[in-house]
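Here are my notes on the model you sent. They are set out as numbered points, starting with the ligand.

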Amino acid sequence: MHEPLPDGGMIRKLWISETDAYCDHLLRLDLESRRRRFSGAVSDDFIASHASSATGLSVVVHGFFVGGILRGAAELRRFGSLLIREGEAAFSIEQLWQSHGVGTVLLERTLLSARNRGIKSLQMHCLADNQRMQQLARKFEADLKFDFGSVVGEVDPPRYTPMSLLREAVVDAHGVANAILDVQSRILKPA
Ligand SMILES: CC(C)(COP(=O)(O)OP(=O)(O)OC[C@H]1O[C@@H](n2cnc3c(N)ncnc32)[C@H](O)[C@@H]1OP(=O)(O)O)[C@@H](O)C(=O)NCCC(=O)NCCS
């Protein structure tokens, strides 16, 4: 998997204990990015409650970390029970790290996770003026059906295969190894 990420950045799934880091990241978004992420103006309290709900089997959050700090995230949320094959995805990248390819890698990971969870239809709410998100979606034209005249894009991930499941497992193992190395290198770094 090609990952042209900004220097020092890495992507891995968030752990259950990291909802506070997710909340802090969402609160750091500039006003315009916050509006685009939530398709409208939302309060800090709303964000805190949203972040704390990002746990459990129906939610997968991929995080983009720099120096151990969460700077970007892609949230995949299944609608309702595990039997329901529909979900939604939303993306948030802090301003300094936008337009550096992070969203592309996060969307790729999200589509793989959706596919492996049997999600057949994935919605992405996108404001009509959000050119960057629309460009990003166009890069995945083969997997996405997007009507830019409306605010909702529909993704139709193909069915999972043993190879797609293996791909996600390998990427996850790589993410854990990177996280351990990252913590070690920061601990050993001279003050
Ligand atoms: C929208 C968002 C997820 C895109 O992620 P990103 O990391 O900035 O995007 P990428 O760098 O991967 O770029 C994706 C494509 O967008 C296009 N793009 C990049 N910067 C752009 C800009 N300033 N204006 C228009 N298009 C742009 C490029 O065509 C790029 O494709 P390319 O790499 O083939 O050239 C991110 O900017 C973000 O979090 N924005 C705020 C919140 C938001 O809008 N969320 C989406 C709704 S859920």
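1. Which atom of the ligand lies 2.8 Å from an N or O atom in the side chain of N130? An oxygen atom of the ligand does. Please keep in mind throughout that this is a predicted model.

2. Backbone atoms also face the ligand. A backbone N or O atom of G101 is 2.7 Å from a ligand oxygen, and a polar backbone atom of H100 is 3.2 Å from an oxygen atom of the ligand. Taken alone, the ligand exposes 940 Å², and 76% of that is buried by the protein. There are 21 residues around the ligand, and those that come nearest are I93, S99, G101, G103 and T104.

3. Next, the strands. β2 (residues 59-66) and β3 run antiparallel and are joined by eight bridges. Within this pair, V61 stands opposite E75 of β3. The hairpin of β2 and β3 has two residues between the strands, and G67 takes a positive phi there, near 55 degrees.

4. On pairing with β4 (residues 86-93), β3 is again antiparallel, with seven bridges. One of the pairs is R77 with its bridge partner E88 in β4. Strand β3 (residues 69-78) is mostly covered, since nine of its ten residues are buried. As a reminder when reading side chains here, in a regular strand they alternate between the two faces of the sheet.

5. E75 deserves a second look, as this residue of β3 stands opposite V61 and also forms a salt bridge with R37, with the closest N and O atoms 3.1 Å apart. The pair links distant parts of the chain, with E75 in strand β3 and R37 in helix α2, 38 residues apart. Both E75 and R37 are buried.

6. Helix α2 holds another charged pair: the side chains of R35 and E32 meet in a salt bridge at 2.6 Å, N to O. Why are R35 and E32 about one helical turn apart? Because they are three residues apart in helix α2 (residues 31-37). R35 is partly exposed, with a relative accessible area of 27%, and E32 is partly exposed at 35%.

7. The structure holds 13 salt bridges. In one of them, the side chains of D172 and K13 meet at 2.7 Å, N to O. D172 lies in helix α6 (residues 162-188) and K13 in strand β1, so this pair ties together parts that are 159 residues apart in sequence. K13 counts as buried because its relative accessibility is 18%, under the 20% cut-off. D172, at 27%, counts as partly exposed. A network of salt bridges links K13 and D172 with R117 and E168.

8. Which residues make the nonpolar surface patch of about 280 Å²? The patch is made by W15, V176 and I180. W15 is found in the loop between β1 (9-13) and α1 (19-28). With 42% relative accessibility, W15 counts as partly exposed.

9. A last point concerns A51, which lies in helix α3 (residues 44-52). A51 is buried, its relative accessible area being 1%. Its C-alpha atom and that of T19 are separated by 5.8 Å, although the two residues are 32 residues apart along the chain.

Terms used:
Residues numbered from 1 in each chain as written. Predicted model: local features only at pLDDT ≥ 70, side-chain atom pairs only at ≥ 80, totals over all residues. Heavy atoms only, no water. Patch = residues over 30% accessible without salt bridge, like charges linked within 9 Å, V, L, I, M, F, W, Y side chains within 5 Å. Areas by Shrake-Rupley, 256 points an atom, 1.4 Å probe, with all protein chains shown as cover. Salt bridge = Lys/Arg side-chain N within 4 Å of Asp/Glu carboxyl O. Helix = DSSP H or I, 4+ residues; strand = E, 2+ residues; numbered from the N terminus. Buried < 20%, exposed > 50% of the residue type's maximum accessible area, 1.4 Å probe, protein only. Near = heavy atom within 4 Å. Polar contact = N/O pair within 3.5 Å; in protein donor to acceptor, adjacent residues only side chain to side chain. Pairing = 2+ DSSP bridges.
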